[in-house]
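Q: Could you take me through one part of this protein up close? I'd like to hear about the salt bridges, and how far I can trust the picture.

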Amino acid sequence: TLEPSFQDTQKHIFNYSYSSEDSFNVVLISKSDQGCFDTTSQMIVTFAQPLADYQIPNDSQCWQKNYFNIINSSTIKYGTLQHNWDFGDGSSDTNFTPLTKKYANKSASYIVRYKVTSNYGCEDSLNHAITLLERPIADFLINDSVQCFNGHLFSFTNTTNFSALNTVSYYWDYGNSDTSIGIKPKTAAYNTPVYHPVQLIAYSYLTNCYDTFIHQVLPAPHPVSDFIVGKDSQCLRFNSFQLTNTSSISLGSQTYVWDFKDGQMSTLKDPIKKYLSGGSYAIKLVSTSNYGCKDSIEHPVVLIPHPLANFTVNDTAQCLNKQAFNLINTTNVAYGTFKSEWSTDDAQTFNNKDVIGLSFLLPGYHNIELAVESNYGCTDTFQRAVFLENNKNTFITINTKDSQCYRGNLFGLNSNCSDPNVIHQSYTWNLDDGNTLSSKDINYSYKSDGNYNVILETVSANTCLDTAIFSLVVFPHPINSFTANPPCFPDSIYFINLFNRVWFYKVVYLGFR
């Protein structure tokens, strides 16, 4: 029994189609020829079938601005749906309503294929054809889209592309209140040096599609070159001409080329120029707009000779306890005279030409500066650093115990320097037992116990002497000895420590033999 309205009493195997989505209880009654029978039942489910349905309202569009909207009205009686859109161009979507579809800009036809699948695997599909219509490709060439304003004249060549050009009409707007129609454009000139849009609209009545192409033309303005020199007469040694560019242009940008008339050029907007030799120069600035229009201007500058400050030092690295720096002034001036002023980083000052026997109180690096000024007011300075090595930078560290028993004693001693600027060249270890060693780090074993004061003497690269001391102890070993008076068991044994120490023990034997 399949449905209330259907029974089959004959077939052993057969196919049957239900008329609706529902659950059905199928009953099978089997009866033998002897009148015996049996009954069994099973629940059969017919799953809901999805119905694919969608619309594309505007399925034929010009391809330059194609946007296809899809309205999905697919349904199912119960259950959930999965959506699979194939747009025919290699792209796809899985949303119920896919995003607005845009195709590549070309004339073509595509089949939109849609398949909907229920959560029970039931499917339905629907295809829809769309068409992208050809449009004219509006385009034109310009003899030169940017021309300097003086004497400019723009001419155009129509290069519109379409398969049926005889169906295309043209409209021109030159951006100067002038227009025309037809395939052949006019020439154009402008009254102001600003950008002007030239527009071409190409329309085909064959496909009802159009295209617009706009290209800017510019009768470019000319720049006006100018610059300011902060101080146009300077001393040669420290000359620094700060050039402030005041060039202007009504539209666009500029690039600059400076000619300093000494073989050097610059393309900076506001360069700082330093000359290497004296004399006079006429600095030239050429301004070029980004459209190739140019202007130029020149300004003169003068350079005055200067002294070259310098001095020598008898020895730039000396020991703190035996220092004497002699500063010899070697300043050079092309002509004229100069005066000197010395200064140090510890506030010492001198006005002599040379300084003999200069000394400092503190160790380390010290800066000495010589400032000179010529009788023309040109100045120069020169600095030199000197170094004073302290005599208290050596110290000893140990990588073993500093007190050890005599047997197997081994002391590892290392030489160290607290000043990273000091380099030791030689080492002398006085081990306080009559022996000496000369390596940087040592390992040493003493031959007898006692207290030792190890002295390390170092000599630096600057031949400065320094010392450090370190105390060590070598302990003697005790000599053990005792006597015992054997008793009768289980009496106590009487032990006598020969080093005045006495232990009393009661010896109990627990069956050992």
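A: Let's begin with trust. This is a predicted model, and the protein chain averages a pLDDT of 89, with 95% of the residues scoring at least 70. Watch out for residues 500-513, though, where pLDDT stays under 50. Where pLDDT is low, the predicted coordinates should not be read in detail.

Now for the salt bridges. Side chains of opposite charge can pair when their charged atoms come close. The count here comes to 10 salt bridges, so let's look at some of them, taking a salt bridge to mean a side-chain nitrogen of Lys or Arg within 4 Å of a carboxyl oxygen of Asp or Glu.

Start with Lys339, which pairs up with Glu373, their closest N and O atoms being 4.0 Å apart. Lys339 sits in strand 30 (residues 338-344) and Glu373 in strand 33 (residues 364-374), so this pair ties together parts that are 34 residues apart in sequence. Lys339 counts as exposed, at 55% relative accessibility, while Glu373 is partly exposed at 30%.

Next up is Glu298 with Lys261, whose side chains meet at 3.2 Å, N to O. This pair also links distant parts of the chain: Glu298 belongs to strand 24 (residues 294-304), and Lys261 is in the loop between strand 20 (254-259) and strand 21 (265-266), 37 residues apart. Glu298 is partly exposed at 42% relative accessibility, and Lys261 is partly exposed too, with a relative accessible area of 35%.

Finally, Glu123 and Lys115 form a salt bridge at 4.0 Å, N to O. Glu123 is partly exposed at 44% relative accessibility, and Lys115 is partly exposed at 34%.

Methods
Residues are numbered from 1 along each chain as its sequence is written. This is a predicted model: local features need pLDDT of at least 70, side-chain atom pairs count only at pLDDT 80 or more; totals for chains, interfaces and linings use all residues. Side-chain values use heavy atoms; hydrogens and water are left out. pLDDT is the predictor's confidence in each residue, from 0 to 100. Contact means heavy atoms within 4.5 Å. Buried means under 20% relative accessible area, exposed over 50%, partly exposed in between (1.4 Å probe, protein chains only). Helices (H or I, at least four residues) and strands (E, at least two) are DSSP runs, numbered from the N terminus.
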